[in-house]
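Visitor: Please show me the model. I would like to ask why its features carry the names they do.

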Amino acid sequence: MQKVVKFLNHYDPSWFALNYSIKATISILICGFAGNFFGGFLGMLYAANSSMIIFFLASLDGSTKIKIYYFLLYIILGIFAILFVSTIFKFSWLFCFFTLIWMMFVGFSTLFNANLNKILTIVNTTGLLTIIASNQSSWNLANSLESFIAGSIIAIAFRLTRFGTYGKFTKKSCTMVLDDLINMSQNISDKEFLNLAKQCNEHISQIKKVFANKSSTIKDERLIIHLSRSLFFLYKLED
């Protein structure tokens with residue numbers, strides 16, 4: 001157990017990734033149970049699939065409000081995908097024709113909006129699942145739609161719930177470093193000073209690792225500004 005904790009402290013000092021993974025797992029399980037309630041085994045697949053898609057689509061740019069709009073767009077397009085596939089799939093040539101047009105549209109959407117392209121791309125997964133599931137004798141359109149919508153809503157609620165933020169982490173971390181510096185100044189002529197200085201350097205290194213691991217995935221201008229300020233104060237404390 002100590003090795004696991006040491007590993008997490010080394011690669012994920014703030015435990016952001018661990019908390020996110022646990023939250024995603026709980027969301028998938030709850031969505032699976034909800035989907036099973038609405039549509040049995042196939043309903044569970046729809047709900048769990050939508051939960052995984054929403055949770056691991058972590059690269060959407062913009063504020064929380066903008067992300068909500070795109071998640072709602074995913075639900076709407078997912079509903080249309082289920083309806084479209086279940087209706088047109090039996091007409092093979094017609095289905096191939098519209099699918100080709102759709103894939104071209106998805107490819108061109110990159111030129112207009114990167115977020116839109118990500119949403120359109122993951123909608124294909126829902127359509128693919130419908131192709132497979134609709135061939136089963138137990139498949140039901142209404143149950144599939146209910147399971148998909150329920151799973152998506154639950155996943156979005158979990159996805160947007162924050163149990164920890166960079167702001168709180170930064171505030172807590174800076175306070176910790178300030179406490180280390182205060183202890184160092186109070187024991188500047190004491191033999192304990194070197195141990196306190198070493199502890200302070202370790203804390204600063206851990207905080208740097210958090211920003212180094214996560215900063216490359218941050219594209220929101222507001223978050224970039226907060227990150228820059230946090231780094232500025234951190235380096236000032238280190239100086």
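Guide: The second largest pocket holds about 370 Å³ of space. Of its 15 lining residues, Ala81, Phe84, Val85, Trp102 and Asn124 are the closest to its centre. Elements α3 (64–88), α4 and α5 (114–133) each give two or more residues to that lining. This is a predicted model: local features need pLDDT of at least 70, side-chain atom pairs count only at pLDDT 80 or more, and totals for chains, interfaces and linings use all residues. Residues are numbered from 1 along each chain as its sequence is written, and side-chain values use heavy atoms, without hydrogens and water.

Visitor: Why is Cys31 called buried or exposed?

Guide: Cys31 has a relative accessible area of 0%. Buried means under 20%, exposed over 50%, partly exposed in between (1.4 Å probe, protein chains only). So Cys31 is buried.

Visitor: Why is Cys96 called partly exposed?

Guide: Its relative accessible area is 47%. That value lies between the two cut-offs, so Cys96 is partly exposed.

Visitor: How many disulfides does a search of the whole structure find?

Guide: Zero. A disulfide would need a pair of cysteine sulfur atoms within 2.5 Å.

Visitor: What makes Phe98 partly exposed?

Guide: Phe98, in helix α4 (residues 92–112), has a relative accessible area of 36%. That is in between the limits, therefore partly exposed. Helices here are DSSP runs (H or I, at least four residues), numbered from the N terminus.

Visitor: Why is Asn195 called partly exposed?

Guide: Asn195 has a relative accessible area of 46%, so the in-between class applies. Asn195 sits in helix α8 (residues 193–214).

Terms used
1 Å grid on protein atoms, 1.4 Å probe; cavity = no way out; pocket = protein on both sides within 12 Å on 5 of 7 lines; lining within 4 Å. Points joined across faces, edges and corners; volume = space filled by probe spheres on them.
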